[in-house]
Amino acid sequence: MLALALLLAGGAATGCGGRATTHHKPGTSHEQASGNVGTLLTTGDSAGHKLREVPSQGAPEVQLALRPDSEDGWNLQLSVKNFRFTPDSTGGAALPGAGHAHLELDGRKIARLYGPWFHLPAAQVPDGAHTLTVRLYADDHTAWAVSGKPVEGTAQLTAPAPGSSGGHSHGEAPTQPPTPGQAQAEADRTVTITVRDGKVSPAPARTELRRGERIALRVTSDRADTLHVHGYDKELALPAGQEATLILTADRTGLFEVETHESRLVLTQLLVR
């Protein structure tokens, strides 16, 4: 009985004041699992995520820079301070100075970022002037904030109209997604997937590839979402009712899931040998 009492007392102490765990227990929210990091505010960011207020001294910081890619689109670089990317613990507790970032184009989320570099295809950016915003989030998806404002960085981007050079030194950047014929020509394998009413067609299965092969993922979703290839950190915006294509070089061996962020559906698994 004495040993049991001591065991229960030790577990209670850990739950109240111990080290925050990296994943919350079933039935608890992200906030309930996040310990005492900062102050959870009642206000949220533009995407509806709650703000997690921390003191300005030692708070995470981010700046965004971009430059045209020599083949297509732009390469984005996030310069962070007092912050580290922790893709392995996304969905767990909020730990100081850790998490991921969201990338927004004119206030619309187009990708979740797990590292300092990201390639933005020209096909995802309409012609004209735009504002890119990167915002830092904790692992529990609350937004880091200072003085009631989210920690974020912005940059201006002007996409060229079709037929203009747009400042690319190696030819014109495409302004439209590749057509099915173009995707087939640029890839060794093509997988066509449809998402409708929360169901994936054809049913999710493994797609086997040899290392170095290029695969085109052609996805049509009946609701706006984001496609994510785990292990490669590749993402693609899925406009509602429109086919979107991601062409990926399978240069890493292993088993990688392809899923949607918002609906959390597994679309396929890439088995690269």
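**Entry 1: Asp45 and its partner**

I looked up Asp45 first and found that it forms a salt bridge with Arg135, the closest N and O atoms being 3.6 Å apart; a salt bridge here is a side-chain nitrogen of Lys or Arg within 4 Å of a carboxyl oxygen of Asp or Glu. The model is a predicted one, in which local features need pLDDT of at least 70 and side-chain atom pairs count only at pLDDT 80 or more, while totals for chains, interfaces and linings use all residues. Residues are numbered from 1 along each chain as its sequence is written, and side-chain values use heavy atoms, with hydrogens and water left out.

The Asp45 and Arg135 pair links distant parts of the chain, 90 residues apart, with Asp45 in the loop between β1 (39–44) and β2 (50–53) and Arg135 in strand β9. I note that strands (E, at least two residues) and helices (H or I, at least four) are DSSP runs, numbered from the N terminus. Asp45 counts as buried at 9% relative accessibility, and Arg135 counts as buried at 5%; buried means under 20% relative accessible area, exposed over 50%, and partly exposed in between (1.4 Å probe, protein chains only).

**Entry 2: other salt bridges**

I then followed Arg135 to Glu152, whose side chain meets that of Arg135 in a salt bridge (2.9 Å, N to O). This pair also links distant parts of the chain, Glu152 lying in strand β12 and Arg135 in strand β9, 17 residues apart. Glu152 is partly exposed, with a relative accessible area of 36%. Asp45, Glu104, Arg135 and Glu152 are linked in a network of salt bridges, and I recorded that the structure holds 8 salt bridges.

Another of these joins Arg52 to Asp140, with the closest N and O atoms 2.8 Å apart. Arg52 sits in strand β2 and Asp140 in the loop between β9 and β10 (143–146), 88 residues apart, and the pair links distant parts of the chain. Arg52 counts as buried at 2% relative accessibility, and Asp140 counts as buried at 1%.

**Entry 3: the sheet with β3, β4 and β8**

I asked which strands stand at the edges of this sheet. Its 3 strands form an open sheet in the order β3-β4-β8, and the pairing is antiparallel; two strands pair if DSSP finds at least two bridges between them. The edges are β3 (61–68) and β8 (117–120), each with a single partner strand, so one side of each is left without a neighbour in the sheet. The twist averages 25° from one strand to the next, where axes are lines fitted to C-alpha atoms, for helices over the stretch in contact, and angles run from 0 to 180 degrees between N-to-C directions. I found 8 bridges joining β3 to strand β4 (residues 74–81), the two running antiparallel, and in this region Arg67 stands opposite Asn75 in β4.

**Entry 4: the nonpolar cores**

I next looked at the largest nonpolar core, which has 30 residues, and of these Leu103 and Leu120 touch the most other members. Such a core is a set of buried Ala, Val, Leu, Ile, Met, Phe, Trp, Tyr and Cys residues joined through side-chain atoms within 4.5 Å. The elements that give two or more residues to this core are β3, β4, β6 (98–105), β7 (108–113), β8, β9 (128–137) and β12 (152–159). A second, separate core of 23 residues includes Val191, Leu246, Val258 and Leu270.

Not counting residues up to four places away in sequence, Leu103 has contacts that include Leu76, Ile110, Phe118 and Leu132, contact meaning heavy atoms within 4.5 Å.

**Entry 5: Gln124, β15 and Thr220**

I checked whether Gln124 is buried or exposed. Gln124 is found in the loop between β8 and β9, and at 12% relative accessibility it counts as buried. Among the residues that Gln124 touches are Leu105, Arg108, Glu235 and Leu236.

Along strand β15 (residues 206–209) I saw the side chains alternate, with Thr207 and Leu209 pointing to one face and buried, while Arg206 and Glu208 point to the other and are not. Strand β15 is joined by 4 bridges to strand β21 (residues 266–272), and the two run parallel; Arg206 stands opposite Gln269 in β21.

Last, I looked up Thr220, which lies in strand β16 (residues 214–221) and is partly exposed, with a relative accessible area of 22%. The C-alpha atoms of Thr220 and Glu243 are separated by 4.3 Å, although these residues are 23 residues apart along the chain. The residues that Thr220 touches include Ile193, Val195, Gly241 and Glu243.
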